[in-house]
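Work through the exercises below with the model open beside you. Try each task before reading its solution.

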Amino acid sequence: MKRTVARLSLGLAAGAMVLGSAVGVTAADYPSKVISAVVPFGAGGGTDRWARVMSSVGFDVFGTGMRVQNRGGASGTVGWKYMLDQGPDGHTVLLGSPTPVIAALLEKQPPFDPTKVKIVAYYSIMKPTLIAPKGKPYSSWDGLVSHLKKGGKKLTLGGTITQTLGIASLLSQLELADRVVLVPYSGTGKAVNDFLGGHVDLAAVTTSTAVSLAEKAVSLVNATDLDYPKKAASVLGDVPNAKKLGLKPFNPPRFIAVHPDTPDDQVAVLSEKFGEMMKSKPVDRLISKLGEDIIFVPHDKAGGAYQDVLSDAKKYLPMFQ
């Protein structure tokens, strides 16, 4: 009996040593395969551009690479649901924005609960920018305000929910939100196509998209209290932001999210890795060329800040109902 107990004790001890070793190796080798970055929008939009730039240094940062997957549809909820369906595999991340959060909150039976997610990090703040065709009476912020105050035909405003909401929040403070018709799109690319085709009067877009359209459209306002990066400002000109206009800003974040059951230690490693990515010279240089800027917030602070996003999203829901 004593020999049996002794053998059992030795076996348990050996098992514990093996388990401890395996856990250590897992932590040391994480991530162990390619990181799948889900973009819940179509190709060509602001989030997609960020993802492509970030993936360019995926091997340098993760050692395994980073693959971008565009899973657009239903204002980003399709991509979010896809991320959740992969389970807490530790290798599938979502490059998100408030758009799918708001879209989910708008549905009576949403495909997921946006409160049940773990935030790895913020990597920037989107600057919802209103653009208009050149040569119109509303081709400047003052001209737009004057045009809306005069009444007449309402103007249509297209863009993702996040972008249109940013502009609508400014107009609502001037009691002019009812003078525009919000046309939400599942992705920026589709909104831009309709804007260029003359199907919507105005478009709300990201900074990088506004820069790419500078020869065809004029930027009227930036809904945040942040200035554009120097390169974007040199292209877009003197575009007023909410702070300069004396209005309350709307600062929607770009964030990285994972399945809510993902272990905290993996979230911490991912946050650290993406922080390294944002500090890399190639990413900084390419993002600057897009006219965007990097604003990185690690997981321990970004998680709490995400709750503010949920609060703002719920506050502005009536604009889309």
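**Exercise 1. Find the elements that the buried residues of α6 pack against.**

Solution. Start with the packing. The buried residues of α6 pack against β5 (129-133), β6, α7 (161-173), β7 (180-184), β8 (202-205) and β9. Contact here means heavy atoms within 4.5 Å. Helices (H or I, at least four residues) and strands (E, at least two) are DSSP runs, numbered from the N terminus.

Next, name the residues. Helix α6 covers residues 141-149, and its buried residues are Trp141, Gly143, Leu144, Val145 and Leu148. Buried means under 20% relative accessible area, exposed over 50%, and partly exposed in between, with a 1.4 Å probe and protein chains only.

Last, look just past the helix. Gly151 follows α6 with a positive phi of about 85°.

A note on the source: this is a predicted model, where local features need pLDDT of at least 70, side-chain atom pairs count only at pLDDT 80 or more, and totals for chains, interfaces and linings use all residues. Residues are numbered from 1 along each chain as its sequence is written, and side-chain values use heavy atoms, with hydrogens and water left out.

**Exercise 2. Describe the chain as a whole.**

Solution. Count the elements: 13 helices and eleven strands. Take the box along the principal axes: the C-alpha atoms fill roughly 95 × 45 × 35 Å. Check burial: 49% of the 321 residues count as buried. Then check contact range. Of contacts between residues at least 6 apart in sequence, 80% join residues at least 24 apart.

**Exercise 3. Is Gly159 buried or exposed? Is Glu215 buried or exposed?**

Solution. Take Gly159 first. It lies in strand β6 (residues 155-159). Its relative accessible area is 0%, so Gly159 is buried. Beyond four places in sequence, Gly159 touches Thr164, Val183, Pro184, Tyr185, Ala191 and Ala204.

Now Glu215. This residue sits in the loop between α9 (207-212) and β9. Glu215 has a relative accessible area of 74%, so it counts as exposed. From Glu215 to Arg67 is 32 Å, C-alpha to C-alpha, with their positions 148 residues apart in sequence.

**Exercise 4. Place Thr224 and list its contacts.**

Solution. Locate Thr224 in the loop between β9 (217-222) and α10 (230-236). Read its accessibility: at 0%, Thr224 counts as buried. Follow the side chain. It reaches the backbone nitrogen of Leu226 at 3.0 Å. That is a polar contact: a pair of N or O atoms within 3.5 Å; within protein, one must be able to donate a hydrogen and the other to accept it, and residues adjacent in sequence count only if both atoms are side-chain atoms.

Then list the partners more than four places away. Thr224 touches Met126, Lys127, Pro128, Asn241, Ala242, Lys243, Pro249, Phe250, Asn251 and Pro252.

**Exercise 5. Which residues have the most contacts inside the largest nonpolar core?**

Solution. A nonpolar core is a set of buried Ala, Val, Leu, Ile, Met, Phe, Trp, Tyr and Cys residues joined through side-chain atoms within 4.5 Å. The largest has 28 residues, and Met54, Leu270, Phe274 and Met277 have the most contacts inside it. Helix α11 (residues 264-279) gives the largest share of this core, five residues.

Zoom in on Leu270. Leaving aside neighbours within four places, Leu270 is in contact with Tyr30, Ile35, Phe62, Gly90, Val93, Val120 and Val258. Apart from this core lies another, of 26 residues, among them Leu84, Val101, Ala104 and Ala257.

**Exercise 6. What is the volume of the largest pocket, and what is that of the largest cavity?**

Solution. Begin with the pocket. Its volume is about 240 Å³. It is lined by 16 residues, and Asn251, Pro252, Asp308, Val309 and Asp312 are the closest to its centre. Helix α13 gives the largest share of the lining, seven residues. By class, the pocket lining has eleven nonpolar, one polar and four charged residues.

Turn to the cavity. Its volume is about 110 Å³. Among its 15 lining residues, Phe41, Gly46, Thr47, Thr160 and Thr188 lie nearest the centre. Helix α2 (residues 46-55) gives the most to this lining, three residues. By class, the cavity lining has two nonpolar, eleven polar and two charged residues.Terms used here: on a 1 Å grid over the protein atoms alone, a cavity is a set of points where a 1.4 Å probe fits but cannot get out, and a pocket is an open set with protein on both sides within 12 Å along at least five of seven lines; lining residues have an atom within 4 Å of a point. Points join across faces, edges and corners, and a volume is the space filled by probe spheres set on them. Ala, Val, Leu, Ile, Met, Phe, Trp, Tyr, Cys and Pro count as nonpolar, Asp, Glu, Lys and Arg as charged, and the others, Gly among them, as polar.
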